[in-house]
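Here is a short report to read with the structure open beside you. Feel free to turn the view as you go.

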Amino acid sequence: MRWIVAPKNARRAAVSALISILISALVVLVVLIHPSLAIQQSDILGLAADDSSEKIVAIGKLAETEPRLALRILPAMLAGELYRHENSLILIENGQARDAVSGQTTPLDISLLENVMVNNRLRKILASTIDGMRLLAEDRGERLKAAQNLAQSATAADLPFIDQAMARETDPAIRRQLQTAWGKAAIGSPDAATRLKAIAALRDEADPSSRQLLAALMEKDGATWRETDESARQAAREALSHVEGRLALGDNLARIFSGLSLASILLLAALGLAITYGVMGVINMAHGELLMIGAYAAFATQSFFRAYVPAYIDWYPLAALPAAFIAAAVVGMMLERLVIRHLYGRPLETLLATWGLSLILIQLARVIFGPQNVEVANPTWMSGGLTVLPNLLLPWNRLIIIVFALAVLFAMWAVLNLTRLGLFVRAVTQNRAMSACVGVATGKIDMLAFGLGSGVAGLGGVALSQITNVGPDMGQNYIVDSFMVVVLGGVGQLAGAVWAALGLGVATKFLEGWAGAVVAKIAILAIIIIVIQKRPQGLFALKGRATEN
Amino acid sequence: MAHGRLLSLFLGASLFLGATASFVQAADTIKVGILHSLSGTMAISETALKETALMTIADINAHGGVLGKQLEPVVVDPASNWPLFAEKARQLLAQDKVAVVFGCWTSVSRKSVLPVFSELNGLLFYPVQYEGEELERNVFYTGAAPNQQAIPAVEYLMSEDGGAAKRFVLLGTDYVYPRTTNKILRAFLKSKGVADEDIMEEYTPFGHSDYQTIIAKIKKFAGAGKKTCVVSTINGDSNVPFYKELGNAGLKATDVPVVAFSVGEEELRGVDSKPLIGHLAAWNYFESLKNPENSKFIKMYKEWAKSRNLPGADSVVTNDPMEATFIGIHLWKQAVEKAKSADVDTVIAAMAGQQFNAPDGFTIQMDEKNHHLHKPVFIGEIRADGQFDVVWKTKGPIKAQPWSPFIAGNDQKKDEPDAK
């Protein structure tokens, strides 16, 4: 039976074979038109595997076989915007959910999906894989950025990309970065001659990670050196001391900078007090709360900008400055008019009364803004830092605060020495009775001078809000420091406060580096006690008759 | 024999009657104390715990209270002032006659109230991870012991996925919890073959706000040839300047990861978390966990924040100590219902083995003996939105070891509190 129908079957088989050939040709055609289908679905799904090692294998495979697709999927994965849905991967591109392979938009609600988890290990590999692929990009800027990134963190896995890029790169700036990157990637090479070349490439790049790689070569595993080759070890030792010499410079500069930064903060906190206490002689325990008012003014300005002009949110600190000055000055003048002026010449009562005022102001802040710290964000132009040396990065917020402190200092000096108000203030503090005789309204001058000191404290508060916590008690942390600066510098003038702030700032930072923050704080207080005992008038006290009484 | 049992029953009953007499007279509410700093350096962390406690109590009251009685919260503010904690605790126990206190965050505050609780035979539920080395009859610890947080976190950092760290910076605020935890960690690291010169310990005072020197030191230490990581036990609002400085100084998690034991969703609210992506925290709960209990818990807290008009109510978050507070109050309620009384001694006995479906997604259990919870451990990496991605977790809850085996002499100590 079966043999008889065979020819018919054979014909049918031939037809079906033809059809299947046609279909497969079609598939090949589709694959050719749509290159992204060439990679196996299972390879791509490896990106969403549970195990990190499997993911790493999948990343490598994807980058090798489908660089173009990889450049679309991997950045999304790095940003945590890659999702798995059954057997497909979804990514977010320009705010839209798309199928990772085909690029078509998908109606899936991604908020219900778990994104593909990336940890630090994967993040590092993803970043360097993406940078590696971008080394071959068309755009020069993109290539330079990738080369810079790799120059910092290249590992052996990046070597193929770097070799490829070095073979075709012509731009000298990029080539220099590539050289360093190559050094870092090749230092683990099994070939001693290659390692020697890598050491030479790292010798002139004084960044911390070169130091780390070179130092690793100098280590011993038990009795044997990590670096087995004698001449390479010699070269590494020489390169290491060269790199360390250059790094030491950065370290010391960084320490001086942090001292300067602390000094600028101390100065801003103390400048207002230098007027109210230093010049007017009022022991104002509520000075810290005036700083707090300034900081809350910054917070209020920020909230206002967020609510009404979110497009200009980055510029709120500029608007916060006048707001803080006015708010603190008004509060200060009210304190002076209502309480302090009745107590002139009675320092103990002033001390107690202003301390009470400070408690009232703290509680008021608690009632209005709540007891918890509020968030005052750094605007983008104050985030990040300026890289001066590979190991010396100056944070923008601290740089700007140093400049700001100098500006406030100059403005104060100008007001006191160049304006009529300043003239009156100096006259009243030097000889109140005589000033009144020649027609100076001493009561009004007292109020204005106190307002000026308070307003400057408000400005300090804005600066503080950029680097520390804003809360009702924040003033308490600065009142002691402020008095230290003013008393140490010598009551009665600005220059003393400047030198005292500088001295305290730099000394604190060097002590901290040497003995830790807790001991540094104790040591600084001890030093001040000794200094005050030896020189009760402060380091830079004014000499003359006016200050005697 | 029968005679003895009868006698002890009688004695027990009379004790029970004597102790509960005050509650019988005090109409039909049970007073519950809440002892958290609402001002000062710890307010950043503790205020949310007070709110959680009030929310949980309101929820229990809305569902009929405990033993048919409404709970009446008594809130005091010890203001981040450790001796004041003891005073306020005494006030709660002696004057307000509360049946139980939920409170404390820092170990120094807990240590300062302990004598009060044992003297007046009060009951404290402590909701925060801590250093162990303690087992008090009057305290139930609903936060993690070191083996439920610190040790797994460091093990993770030493694993390939965690970056195979070889050098460790132990950075903390200067008080008992960081010092003890770091002592345990140092012993643990030594047992894993880490040399002393590969460990750096640094401490800062409470409220410290200038982290430039510390970050510079970390950078220098990290540049010495081996993969370095930072284990941070910084507490309170110092974390905000620390993380700000970390972000500005460009210390990336892929180079030097920082794992923190006291930083959660709440502390990160005040920080721009974009530069901090990938830094880690180890806890027994994260808000980002997906399970029905957690969704309920988050929803409940968000609605509570809105109804109470809390500052920033639309962006409130939940975190581990809040979950531990929530669990603690429910376990206490269950124990009171089991004991049919809010009397401290009977509740302590009834607490053993209590179970609860927690927002961490597991049915967790109070240990039969050691007053600690069996908890799962999660390690999370900070995301751009200030939440955490869980990158590692235990298979299930693990038992607490309040007496860490990494401290000499602890093998002699027994795993239960001394009887009264």
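What follows covers a helix pair, a surface patch, a salt bridge and two backbone angles.

Please keep in mind that this is a predicted model.

Let's begin in chain A with two helices, α3 (residues 52-65) and α4 (residues 67-78). Their axes come within 6 Å and cross at roughly 140°. The crossing of α3(A) past α4(A) is left-handed. On the α3(A) side, the contact is made by A:Lys55, A:Ile59, A:Leu62, A:Ala63, A:Glu64 and A:Thr65. Facing them from α4(A) are A:Pro67, A:Leu69, A:Ala70, A:Ile73, A:Leu74 and A:Met77. Sorted by character, the residues of this contact comprise 9 nonpolar, 1 polar and 2 charged.

Next, look at the surface of chain A. A nonpolar patch of about 690 Å² is formed there by A:Phe304, A:Tyr308, A:Val309, A:Tyr312, A:Trp315 and A:Leu318. Of these, A:Leu318 belongs to helix α13, which spans residues 316-338 of chain A.

Now to charged pairs. Side chains of opposite charge can pair when their charged atoms come close. Over all chains, a search of the whole structure finds 39 salt bridges. One of them links A:Arg121 to B:Asp161, with the closest N and O atoms 3.0 Å apart. A:Arg121 sits in helix α5 (residues 120-134) of chain A, while B:Asp161 is in the loop between α5 (150-158) and β6 (167-173) of chain B, so this pair joins two chains.

Finally, chain B offers two residues that have a positive phi without being glycine. Here they are with their loops.

| Residue | Phi | Loop in chain B |
|---|---|---|
| B:Asn121 | about 50° | between α4 (107-119) and β4 (124-126) |
| B:Lys340 | near 55° | between α11 (320-339) and α12 (344-351) |

Conventions: Residues are numbered from 1 along each chain as its sequence is written. Chains are lettered from A and ligands numbered from 1 in the order in which they are written. This is a predicted model: local features need pLDDT of at least 70, side-chain atom pairs count only at pLDDT 80 or more; totals for chains, interfaces and linings use all residues. Side-chain values use heavy atoms; hydrogens and water are left out. Patches are made of residues with over 30% relative accessible area and no salt bridge: like charges are joined within 9 Å, nonpolar side chains (Val, Leu, Ile, Met, Phe, Trp, Tyr) within 5 Å. Accessible areas come from the Shrake-Rupley method with a 1.4 Å probe; for residues, only the protein chains shown count as cover. A salt bridge is a side-chain nitrogen of Lys or Arg within 4 Å of a carboxyl oxygen of Asp or Glu. Helices (H or I, at least four residues) and strands (E, at least two) are DSSP runs, numbered from the N terminus. Axes are lines fitted to C-alpha atoms, for helices over the stretch in contact, and angles run from 0 to 180 degrees between N-to-C directions. A crossing is left-handed if the near helix is turned anticlockwise from the far one by less than a right angle, and right-handed if clockwise. Contact means heavy atoms within 4.5 Å. Ala, Val, Leu, Ile, Met, Phe, Trp, Tyr, Cys and Pro count as nonpolar, Asp, Glu, Lys and Arg as charged, and the others, Gly among them, as polar.
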